Amino acid sequence: HDDPSPSPSPSPPPPSPMEAWAQRCRSKVRQLDRTVNLRIPQAHIELIVGRAGTVLRGIQSRTGARVKVLSNPELGSDPPVCAVAVVGPRGNDSVDRALREIERLVAEGSRVGGMWTNYGPD
């Protein structure tokens with residue numbers, strides 16, 4: 001026989017990979033509550049990551065901020081850009097210090113022969 005209960009409403013779409021990562025960070029460590037999202041040209045992502053992640057780990061170690069890089073470019077971006085999230089405790093300057101390091105690395109790499117479009121925090 002038929003169940004008279006109403007059909008369930010459709011579930012919301014899943015979060016983007018960047019939002020899912022940010023949600024995991026927030027649930028694990030409550031103090032990590034300042035996030036700055038960047039859009040960096042894909043050609044410059046290696047400047048931030050470095051060989052086997054050494055540059056990225058150095059930024060995180062020196063600043064105390066967490067940096068998450070999505071290496072797949074955003075759909076439809078021209079030139080291709082990748083999302084980068086910088087997360088750190090609200091009330092200290094770890095995120096700002098990490099942003100300055102990332103900005104410096106990309107600017108220096110651009111002067112050496114890369115293309116740079118000024119994509120800043122969202």
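**Entry 1: the main core.** I began with the largest nonpolar core of this predicted model. It holds 19 residues, and L38, I40, I48, V67, V86 and I102 touch the most other members. Next I looked up where the core's residues come from. At least two are supplied by each of β1 (32-41), α2 (45-49), α3, β2 (66-69), β3 (81-89) and α4 (94-111). Helix α4 gives the largest share, six residues.

**Entry 2: I102.** I picked I102 for a closer look and set aside its neighbours within four places in sequence. Which residues is I102 in contact with then? I found L38, I40, I48, I59, V67 and V86.

**Entry 3: another core.** Apart from that core I came across another one, made of five residues. M18, W21, A83 and V87 are among them. I jotted down a general reminder: nonpolar side chains tend to be buried together in soluble globular proteins.

**Entry 4: helix α3.** I then went along α3, which covers residues 54-63. Which of its residues are buried? My list reads L56, G58, I59, Q60 and T63. I met I59 earlier, as a contact of I102. Just past the end of α3, I noted that G64 has a positive phi of about 85°.

**Entry 5: E19.** My last stop was E19, which sits in helix α1 (residues 17-28). Is E19 buried, partly exposed or exposed? Its relative accessible area is 32%, so I wrote it down as partly exposed. I also checked E19 against A85, which is 66 residues away along the chain. Their C-alpha atoms are 9.5 Å apart.

Definitions and conventions: Residues numbered from 1 in each chain as written. Predicted model: local features only at pLDDT ≥ 70, side-chain atom pairs only at ≥ 80, totals over all residues. Heavy atoms only, no water. Buried < 20%, exposed > 50% of the residue type's maximum accessible area, 1.4 Å probe, protein only. Helix = DSSP H or I, 4+ residues; strand = E, 2+ residues; numbered from the N terminus. Core = buried A, V, L, I, M, F, W, Y, C linked by side-chain atoms within 4.5 Å. Contact = heavy atoms within 4.5 Å.
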